[in-house]
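Welcome, and thanks for taking a look at this one with us. Please open the model and keep it beside you while you go through the briefing.

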Amino acid sequence: MDISRRNRRSRSRHLPFRTCGTLLVTAGLLISGCSSGSSRADASMVALPSSTPADLASYYDQKLRWRECGVAGFECATMKVPLDYDKPAAGDIKLAVARKKATERRARLGSLLVNPGGPGGSAVGYLQAYAALGYPEEVRSRYDMVAVDPRGVARSEPVTCLDGEDMDAYTQTDMTPDDQRETDELRTSFEEFAEGCEERSAKILPHVSTVEAARDMDVLRSALGDERLSYVGASYGTFLGATYAGLFPKRVGRLVLDGAMDPSLPARRMNRDQTAGFETAFQSFAKDCVALGAECPLGSGSPDEAGKRLKAFFDEVDRMPLPAGDSSGRKLGEALATTGVIAAMYDEGAWPQLRDALGSAIKNKDGAALLALSDSYYERDGDGTYANLMFANAAVNCLDLPPAFTTPAQVKKALPDFEKASPVFGEGLAWASLNCAYWPVKATGEPHRIEAKGAAPIVVAGTTRDPATPYHWAQALASQLSSGRLLTYEGDGHTAYGRGGECVDSTINAYLLEGKVPAAGKRCS
């Protein structure tokens with residue numbers, strides 16, 4: 001996955017939430033979902049009928065053929081689902097599924113589906129690299145650990161948009177345009193990205209919404225032989241899990257939604273909230289950094305002063321990019337530098353790496369380390385190829401909700417609000433929200449509340465200084481869900497389970513293993 005995996009105990013973690021469209025500074029990501037406006041939605045998600053429609057019966061009744069898949073201890077299978085749930089006869093698509101069986105078969109509790117976020121993160125990759133190996137042993141021993149790559153992602157009919165060379169150009173596009181020429185270049189980059197997706201992925205592009213992915217999860221639940229779905233979703237995975245609960249409340253087993261989003265927020269509010277979240281994370285990093293004295297590449301003084309020095313550095317590499325030792329000739333400009341810094345905000349375990357990278361760039365004029373952080377975020381390999389994370393991310397986001405902005409003029413008008421939220425990152429995050437304006441497929445969703453009336457208790461975990469999914473989003477989702485229970489981790493970084501300490505882990509383990517719901521107001525630090 002990306003940088004957010006760099007936690008204290010494991011190097012394989014959850015994907016950060018990505019924004020409505022591109023990443024703050026380049027072609028990236030940040031939040032799931034984009035729509036205009038600034039108030040919360042009042043409409044609530046309506047559950048689907050409890051009975052299985054006759055034209056979907058063959059999907060629900062399918063038997064998965066498990067086989068070895070090259071990773072010791074894991075089995076893989078291919079699951080069929082309809083391309084279009086409204087028109088099942090229009091054809092099938094195939095989704096990649098993987099599992100690692102529970103070791104205590106007599107005490108087995110069923111299947112535990114996991115998703116790391118994104119949208120666009122490979123759940124199968126996450127399962128094989130971390131979840132089925134790094135989750136607490138007592139959980140892995142009693143659950144079959146299962147993952148499915150959502151439609152459009154990785155091994156499941158992946159969305160494709162640009163080749164490596166074009167993606168390199170896209171990720172280096174200036175996301176803080178200084179004049180009309182640079183504004184036109186940014187708009188053109190969004191248009192070309194969208195055109196590439198339509199050219200290469202026209203069939204799947206209209207059918208990668210979170211609602212459709214949640215319906216796929218119910219087909220998988222049935223194919224696995226489970227009456228109820230148990231699930232751990234992180235970051236965007238909380239939106240996916242909450243959507244499942246909203247559609248199928250009576251089929252909810254034990255759901256953990258870690259690093260939650262608030263589905264009732266429209267994009268401008270959502271993006272601004274996340275902009276403020278990154279500012280909060282940076283303030284924590286800067287406070288830690290300046291306390292080190294001469295070791296801090298941002299100097300001494302207050303965190304605000306450190307922020308001004310970082311912004312000055314971004315301005316400097318915007319004017320004159322740094323050499324980065326890259327075989328393809330890329331240099332470290334403002335876009336890639338900002339991505340590298342943002343990447344390290346997801347986990348405080350990456351702060352030493354960020355200090356070293358900033359030191360090399362600021363003091364030694366060497367951008368290689370910051371470029372490496374950016375490449376990790378984008379899942380760019382050393383040979384210049386990209387995973388489909390970025391493509392799937394945009395495809396899901398732009399389908400789930402309408403764009404936050406539809407014209408550059410709207411972005412310019414909103415800049416003061418974003419820059420107030422974050423003097424360092426606000427401008428780039430505002431412009432990043434423009435890309436869905438040029439998407440070739442009209443959005444099918446709107447902001448909405450998810451109540452999931454009748455669902456079993458659902459645990460929502462929130463981290464107080466989470467940069468990507470601000471804590472108040474977890475508070476909001478827990479209050480929307482009729483059976484939601486909030487678990488608070490007082491700390492830094494993105495998500496809590498597996499990185500928030502014994503208190504968080506033991507509380508979630510007790511819920512997964514015993515069905516014990518956290519006490520009201522439960523807080524861990």
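**Briefing: charges, folds and backbone details**

K453 is exposed, at a relative accessible area of 61%. Its side chain takes part in a salt bridge with E451, where the closest N and O atoms are 3.5 Å apart. Please keep in mind that this is a predicted model. From that pair, the points below move to the whole chain, then to other charged groups, and finally to the backbone.

**The chain as a whole**

- There are 17 helices and twelve strands in the chain.
- The radius of gyration is 22 Å, which agrees with the value near 24 Å that a compact globule of 525 residues would have.
- Along the principal axes, the C-alpha atoms fill a box of roughly 60 × 50 × 45 Å.
- Of the 525 residues, 62% are buried.

**Salt bridges**

- As a reminder, side chains of opposite charge can pair when their charged atoms come close.
- The structure holds 27 salt bridges, and one of them joins the side chains of R99 and E75, with 2.7 Å from N to O.
- R99 belongs to strand 3 (residues 92–100) and E75 to strand 2 (residues 75–82), so this pair ties together parts that lie 24 residues apart in sequence.
- What is the burial state of each partner in this pair? R99 counts as buried because its relative accessibility of 13% is under 20%, whereas E75, at 23%, counts as partly exposed.
- D492 and R465 also meet through their side chains in a salt bridge, again given as N to O, at 2.7 Å.
- This pair links distant parts of the chain, with D492 in strand 11 (residues 484–492) and R465 in strand 10 (residues 458–465), 27 residues apart.
- D492 has a relative accessibility of 15% and counts as buried, while R465, at 31%, counts as partly exposed.
- Which residues are linked in a network of salt bridges? They are D168, D326, R330, D375 and R380.

**A negative surface patch**

- D163, E165, D166, E192, E195, E198 and E199 form a negative patch on the surface.
- Two elements, helix 4 (164–171) and helix 5 (180–201), each give two or more residues to this patch.
- Helix 5 gives the most, with four residues.
- D166, one of the patch members, is found in helix 4.
- The relative accessible area of D166 is 36%, so D166 is partly exposed.

**Backbone details worth a look**

- The peptide bond that runs from G118 to P119 is cis, and its omega is near -5 degrees.
- P119 sits in the loop between strand 4 (110–115) and helix 2 (123–134).
- S235 is a residue other than glycine with a positive phi, near 60 degrees.
- You will find S235 in the loop between strand 6 (229–234) and helix 7 (236–247).
- Is S235 buried or exposed? At 0% relative accessibility, S235 counts as buried.
- A452 likewise has a positive phi in a residue other than glycine, with a value near 50 degrees.
- The place of A452 is the loop between helix 15 (426–432) and strand 10.
- With a relative accessibility of 5%, A452 counts as buried.

**A contact across the sequence**

- K516 lies in the loop between helix 17 (502–514) and strand 12 (523–524).
- At 53% relative accessibility, K516 counts as exposed, because that value is over 50%.
- How far apart are K516 and P457 in sequence and in space? They are separated by 59 residues in sequence and by 9.3 Å in space, C-alpha to C-alpha.

**Points to revisit in the viewer**

- For the charged pairs, try R99 with E75, then D492 with R465, and then E451 with K453.
- For the patch, helix 5 is a good place to begin, since helix 5 gives four residues to the patch.
- For the backbone, go to the cis peptide bond from G118 to P119, then to the positive phi of S235 and of A452.

Conventions: Residues numbered from 1 in each chain as written. Predicted model: local features only at pLDDT ≥ 70, side-chain atom pairs only at ≥ 80, totals over all residues. Heavy atoms only, no water. Patch = residues over 30% accessible without salt bridge, like charges linked within 9 Å, V, L, I, M, F, W, Y side chains within 5 Å. Areas by Shrake-Rupley, 256 points an atom, 1.4 Å probe, with all protein chains shown as cover. Salt bridge = Lys/Arg side-chain N within 4 Å of Asp/Glu carboxyl O. Lys, Arg positive; Asp, Glu negative; His and termini not counted. Charge placed at Lys NZ, Arg CZ, Asp CG, Glu CD. Buried < 20%, exposed > 50% of the residue type's maximum accessible area, 1.4 Å probe, protein only. Rg over C-alpha atoms; globule rule 2.2 N^0.38 Å.
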